[in-house]
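Subject: Structure for your review

Dear colleague,

Please find below the structure we discussed, with its sequence. My notes on it follow directly after.

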Amino acid sequence: MFWKLPLLLGLLALGPHVRSWIFEEVGKRGKQFSLCVEFAVHHFNEHQLDENAYKLLWVGRSLHKKYSLIYLMDLNLGRTICKKHDEDIDNCPLQEGPERKKVNCTFIVDSRPWFTQFTLLNSTCQQT
């Protein structure tokens with residue numbers, strides 16, 4: 001009977017760490033999530049070879065990793081007529097015709113709000 005006690009205490013101590021990989025839904029309008037979305041779109045534009053900017057069309061999944069400030073998001077981006085370093089890309093019209101492109105991306109972003117720091121942990125994008 002007493003040999004089970006250390007095992008039980010060990011499981012209780014490890015509990016939060018074992019479940020730390022679990023993502024939970026988070027509101028799409030939350031301030032920190034919105035900042036992570038903005039960072040992800042900016043990062044996407046900065047690292048694209050395309051001269052044109054992409055803007056956010058809609059947010060799919062919006063998840064938050066338990067016990068952390070890591071966010072997972074599915075974003076749909078559309079190619080605009082503006083260049084990636086232009087101002088106010090959000091109000092820029094989308095490309096039409098054969099130049100029209102849309103991209104579905106999944107981003108995982110780690111945020112440190114007290115330092116205003118964001119780190120892209122992973123991203124995968126697929127043109128639609």
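Strands here are DSSP runs of E at least two residues in length, numbered from the N terminus, and two strands count as paired if DSSP finds at least two bridges between them. In that sense, strand 4 and strand 5 form a hairpin with four residues between them. Thr116, which lies in the turn of this hairpin, has a positive phi of about 50°.

Please bear in mind that this is a predicted model.

Confidence and overall layout

The average pLDDT of the protein is 86, and 84% of the residues score at least 70. Residues 11-19 should be treated with caution: pLDDT stays under 50 there, and the model has three contacts for this stretch beyond four places in sequence. Where pLDDT is low, the predicted coordinates should not be read in detail.

The protein contains two helices and five strands. Read from the N terminus, the order of elements is α-β-α-β-β-β-β. Of its 128 residues, 32% count as buried. Among contacts with a separation of 6 or more, 64% are between residues 24 or more positions apart.

The sheet

The five strands make an open sheet in the order 1-2-3-4-5, with antiparallel pairing. Strand 1 (23-25) and strand 5 (117-127) stand at the edges with a single partner strand each, so one side of each has no neighbour in the sheet. On average, and ignoring direction, neighbouring strands are turned by 40° against each other.

Taking the pairings in turn:

- Strand 1 and strand 2 are antiparallel and share three bridges; Glu24 stands opposite His64 in strand 2.
- Strand 2 and strand 3 also run antiparallel, joined by nine bridges, and Trp58 stands opposite Asn76 in strand 3. These two strands form a hairpin with four residues between them, and Tyr67 in the turn has a positive phi of about 65°.
- Strand 4 and strand 5 pair in the antiparallel sense over 10 bridges. Ile108 stands opposite Asn122 in strand 5, and the bridge partner of Val109 in strand 5 is Leu120.

Two residues of strand 2 may be of use when you inspect the model. Lys65 is located in this strand, and its C-alpha atom is separated by 4.2 Å from that of Phe23, although the two residues are 42 residues apart along the chain. The relative accessibility of Lys65 is 22%, so Lys65 counts as partly exposed; the range for that class begins at 20%.

Ala53 also belongs to strand 2. Its relative accessibility is 0%, and Ala53 therefore counts as buried. Leaving out residues up to four places away in sequence, Ala53 touches Asn45, Gly78, Arg79, Thr80, Cys82, Lys83, Lys84 and Ile89. Of these, Gly78 lies 25 residues from Ala53 in sequence, with 8.4 Å between the C-alpha atoms.

The helix on the sheet and the core

Helix 2 lies across strand 2, strand 3, strand 4 and strand 5, and runs at about 50° to strand 3. The largest nonpolar core has 16 residues, and those with the most contacts inside it are Phe44, Met73, Leu75, Leu77, Phe107 and Val109. Two or more residues of this core come from each of helix 2 (31-46), strand 3 (70-83) and strand 4 (102-112). Helix 2 gives the most, with seven residues.

Leu75 illustrates the contacts made by a residue of this core. Not counting residues up to four places away in sequence, Leu75 touches Val37, Ala40, Val41, Leu56, Trp58, Val59, Val103, Asn104, Cys105 and Phe107.

Aromatic pairs

How many aromatic pairs does a search of the whole structure find? There are four. In one of them, the ring centres of Phe44 and Tyr54 are 5.2 Å apart and the planes stand at 85°, so the pair is edge-to-face; planes over 60 degrees apart fall in that class. This pair links distant parts of the chain, with Phe44 in helix 2 and Tyr54 in strand 2 (residues 52-65), 10 residues apart. Both Phe44 and Tyr54 are buried.

With kind regards

Note on methods: Residues numbered from 1 in each chain as written. Predicted model: local features only at pLDDT ≥ 70, side-chain atom pairs only at ≥ 80, totals over all residues. Heavy atoms only, no water. Core = buried A, V, L, I, M, F, W, Y, C linked by side-chain atoms within 4.5 Å. Buried < 20%, exposed > 50% of the residue type's maximum accessible area, 1.4 Å probe, protein only. Contact = heavy atoms within 4.5 Å. Phe/Tyr/Trp six-rings, centres within 6.5 Å; stacked < 30°, edge-to-face > 60°. Axes fitted to C-alpha atoms, helices over the stretch in contact; angles between N-to-C directions. pLDDT = per-residue confidence, 0-100.
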